[in-house]
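Please explain how some of the helices and strands in this chain are arranged, and which residues lie where they meet. A walk through a few selected regions would be enough.

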Amino acid sequence: MPSGLIEEKFQKLLKTLENNNYSAEDLMIVQEAFILAQKAHQGQKRISGRPYITHPLATAEKLAELGLPLAIVAAGLVHDVPEDTDYSLKDIEKKLGSEIAGLVAGITKLGTLKYRGIERYAENLRKMFVAMSNDIRIILIKFSDRLHNLETLDALPREKQIRIAKESLEIYAPIADRLGMSQIQRELEDLSFKYLKPREYRQLEKILPEKYKIREKQLEKIKKRVAKALTDRKISINKMTIYGRTKHFYSLHQKLQKKEINQDFEKIYDLIALRIITPTVAGCYSILGILHELYKPIPDRIKDYIAQPKPNGYQSLQTTVFTKTAGIMEFQIRTPEMHQKAEFGIAAHWSYKKNNSRPSKQDLKWINELVEWQKKIQSNKQFLQEVKLDIFQNQIFVFTPQGDVISLPEKSTPIDFAYRVHTFLGDRCIGAKVNNQMSRLNTELKNGDIVEIIVDKNRQRPNPDWLEIAKTSMAKSKIRAALNKTKDSG
Ligand code: MN
């Protein structure tokens, strides 16, 4: 590739950053990082034969497109320098300062893995969570780095393609999901899916456009009718878009595998949906009411994620309704801020004029909890099992009698609930009411259950049998701790 093209890519990066409202003076640091990266990677090539510098440039471009601060973008430009070149972290610190050097140090630590198989997998996850708890920005750079590697996977041998795609699908994508970064999650999943199941991927690629076209036509009519109803009521909206899962092949593939759907596209109601963005929360609820006046809602499919956000911060109202012209269809209603958060997750904290805000401690609490647990778990196998349960399994929301939301992995029991709320509650638990009914402690909780724990203040220690009943690693480790303590003192 002639150097003119590289210069062009760099100019594009500067343009993206200017659009994020940075001045030429602000951008000096990015210029410096580019000069350093170019020198360091001079003469290096990727396996594809292209100059190495194209990779950090693409990584930085993605970070800029996410609206992330300049330090992160600059770190993206030099992220492979200490590992792959003669330049060291010290050189980066001298030229670009300690903040950027710190970020690159975090990435470099994630770099090499000496293990194989399950050991490699577990070690990878452990390192990732430690890095995230030290500085959550590191994972953002890692996502961009990984996305570009996936985009250029064609150049690698098949065996390596599969390993990288699998790791991306099983480790990176669920973490992106847990951080609410649905746009990044979608890209990671689809790029990996293409290499892991090429036949299924191509098939969806072939049949989907036709399906969409049909649905889109039907939805246009609905859209007009809804728009008119909202104008008549003088409800202002920012935007009403027909939103399709046009590109989200992997989630579609997963849905089609489900028994009740059984490859039948007609049963995927959110294949295409109408998304309405309106300035205020009150507006969201008004619109939901109007939609239900126009169309009959399907029971149990009305979801209020505004009042009760998902654990990853996702907020929206969702409803699925019957329509004469388009059959069953889904609506999503949200404010512009909720929309940012729904697409970009924690990255939304930095972007869009809120440059000084950071993700709250509460948002990141689960990462620190996980790092604490993993210190206690020696066996990689056990670690993987528990992590899969706590992070990568679907979450349910249950409520305390006061209406506080507690999120737990699917199949959790009142014991898990009690320990999630407070150790005191767990250790002294003697019974539970689920939705006001006395229930056994091994009852599997369901979304929306209201759980009340009955305690005996004189109870000294948990029942050792609970180790079998509890599903979460948090409850198990707290039970073990309490049992050990009473052993010591007795
Ligand atoms: Mn890289």
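**Helix packing, a sheet and two buried sites**

The crossing between helices α1 and α2 is right-handed. This comes from a predicted model, not from an experiment. Helix α1 covers residues 3–19 and helix α2 covers residues 28–40; their axes lie 12 Å apart and make an angle of about 155°. Angles over 145 degrees count as roughly antiparallel, and α1 and α2 are therefore roughly antiparallel to each other.

The residues that form this contact can be listed from each side. From α1 come I6, E7, F10, L13, L14 and L17, and they meet V30, Q31, F34 and Q38 of α2. Sorted by class, the contact of α1 with α2 consists of seven nonpolar residues, two polar ones and one charged one.

Further along the chain there is a sheet. Three strands make up this open sheet, in the order β10-β9-β11, and their pairing is antiparallel. Strands β10 (437–439) and β11 (451–455) are the edge strands, each of them pairing on one side only. On average, neighbouring strands of the sheet are turned by 35° against each other, with direction ignored.

Within the sheet, strand β9 (residues 429–434) is joined to β10 by three bridges in the antiparallel sense. One pair can be named: A432 has S439 in β10 as its bridge partner. A helix also packs on this sheet: α18 (residues 414–421) touches β9 and β11, and the direction of α18 makes about 80° with that of β11.

Two buried sites remain, one in a helix and one in a loop. In the helix α13, which spans residues 249–257, the buried residues are F249, Y250, S251, L252, H253 and L256. What do the buried residues of α13 pack against? Their partners are three helices, namely α10 (158–178), α11 (182–196) and α12 (198–232).

The loop site is S316, located between β4 (303–304) and β5 (317–323). Is S316 buried or exposed? Buried means under 20% relative accessible area; S316 has a relative accessible area of 0%, so S316 is buried. Leaving aside residues up to four places away in sequence, S316 touches K303, D304, Y305 and I306, and also Q332, I333, R334 and M338.

Methods
Residues numbered from 1 in each chain as written. Predicted model: local features only at pLDDT ≥ 70, side-chain atom pairs only at ≥ 80, totals over all residues. Heavy atoms only, no water. Axes fitted to C-alpha atoms, helices over the stretch in contact; angles between N-to-C directions. Helix = DSSP H or I, 4+ residues; strand = E, 2+ residues; numbered from the N terminus. Parallel < 35°, antiparallel > 145°, perpendicular 65-115°, else oblique. Left-handed = near helix turned anticlockwise from the far one by under 90°. Contact = heavy atoms within 4.5 Å. Nonpolar A, V, L, I, M, F, W, Y, C, P; charged D, E, K, R; others polar. Pairing = 2+ DSSP bridges. Buried < 20%, exposed > 50% of the residue type's maximum accessible area, 1.4 Å probe, protein only.
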